[in-house]
Amino acid sequence: MVDLQRQYQRLKQDIDAAMSEILQATSFINGPAVELFAKELADYNNAKHVIPCANGTDALQLAMMALDLKPGDEVIVPAFTYVATAEVIALLGLTPVFVDVYPDTFLISVEEIEKNITPKTKAIVPVHLFGQCADMEGIMAIAQKHDIFVIEDTAQAIGADYTFPDGTTRKAGTISHIGTTSFFPSKNLGCYGDGGALFVNDDALAIKLKMIANHGQRIKYHHDIVGVNSRLDTLQAAILRVKLPQLNDFSLRRSKSAAFYDAELKGFDAISIPARAQNTSHVFHQYTIKCNTFEREALRSFLQVKGIPTMVYYPVPLHLQKAYTNYGYTQGDFPVSEQLSAQVLSIPIHTEQTEEELQYITDSIKEFLAANNLN
Ligand SMILES: *Cc1c(COP(=O)(O)O)cnc(C)c1O
């Protein structure tokens, strides 16, 4: 699905040098590269503060801890997303309130958010799924009206731009109270292990997040609040410092692959190419088609035989996951998410694809469609 090997070979000289520097210095925890990377990412994103942490799931947890959410508080999340988003809500004793998504863009539905606001609602967690931003204009308006927090899960959309009606543009993750992201190797800005970060503009909130990520202390061995241990390794920060200047190029390369796929795969009733949401750029963490009129598994195995990997993100919506049955949801509650779980198929997209490889993939999909009279 991604080719980390080829990307590494392309950046090898700089990455090896950066890692070697850390190995020589043996500053493995909280070395200077961590703060330098945080500063550089803040500059890139135009965020006032970037707080590095151990992974994207921790980033979500730290965000909810910093907002002082209490057991019983409701947090609205899309039913169609990666589990991490809802997991930390459940873990903290908060109540995940699932809502449906839009069938064409897969993004959280603003109308469904509005319908699910109650006096207990304390936060909304929009997920910028597959690389484009949720309707932040609509979501921030609801949040303001009801005085609730918004935490953007930007694990899949780092570098995406959201444009407001007045023309101002902001980077994904910097629009709401707190943004969270992940540097998992296959993410758009991936390190060589686990990593994550938070984006925040509020100074007091930034201090609090830093404290929570560091055992609740500002001064060593003085613990003012209960925290956790969540750090970005210096080695990972050093790798990310090499990759961050490449992020726009990474996004461009992914967009080029997506444009190729669009041109080749449009116009078939049997499949839908991914729709573009309004007011947002798309950094194509995934290129996800929908299998409208045939069994997805048939296409998957056809492509597998040809050496083309595919993935289903996500085969089961969160409200139907075993771990979340105690919240009382059933089949039929979120028809769009349920249908998407049955129809979506993500095909390879990354920074190293050649036109020949892309052509082989689209030719193979078309061969399948023709063989099954799905023109
Ligand atoms: C990857 C991902 C996360 C979690 O990130 P980790 O670094 O793996 O903990 C959270 N939310 C979404 C939408 C993701 O894709």
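**Notebook: ligand site and domains**

I started with the ligand shell and counted 13 residues around the ligand. Gly-56, Thr-57, Asp-153, Ser-182 and Lys-187 come closest. I note that this is a predicted model.

Next I sorted the shell by class. Polar residues number 7, nonpolar residues 4 and charged residues 2.

Then I looked up polar contacts, with N or O pairs within 3.5 Å as the cut-off. Thr-57 came up with a side-chain N or O atom 2.5 Å from a ligand oxygen. For Ser-182, I found a side-chain N or O atom 2.7 Å from an oxygen of the ligand. Asp-153 pairs with a nitrogen instead: that ligand atom is 2.7 Å from an N or O atom of the Asp-153 side chain.

I checked burial after that. On its own, the ligand has 380 Å² of accessible area, and the protein covers 92% of this.

Which pocket does the ligand take up? I find that its space is the second largest pocket.

I moved on to the whole chain. The domain assignment splits the protein chain into domain 1, residues 4-245, and domain 2, residues 247-371. I took the centres over C-alpha atoms, and 24 Å separate domain 1 from domain 2. How many residues does each domain bring to the contact? I get 48 from domain 1 and 39 from domain 2.

Back to the site for a last entry. Thr-57, Asp-153 and Ser-182 are among the closest shell residues. I log their side-chain distances to the ligand together: 2.5 Å for Thr-57, 2.7 Å for Asp-153 and 2.7 Å for Ser-182.

Key:
Residues numbered from 1 in each chain as written. Predicted model: local features only at pLDDT ≥ 70, side-chain atom pairs only at ≥ 80, totals over all residues. Heavy atoms only, no water. Near = heavy atom within 4 Å. Polar contact = N/O pair within 3.5 Å; in protein donor to acceptor, adjacent residues only side chain to side chain. Areas by Shrake-Rupley, 256 points an atom, 1.4 Å probe, with all protein chains shown as cover. 1 Å grid on protein atoms, 1.4 Å probe; cavity = no way out; pocket = protein on both sides within 12 Å on 5 of 7 lines; lining within 4 Å. Sits in = over half its atoms within 2 Å of the grid points. Nonpolar A, V, L, I, M, F, W, Y, C, P; charged D, E, K, R; others polar. Domains from an automatic or database assignment. Contact = heavy atoms within 4.5 Å.
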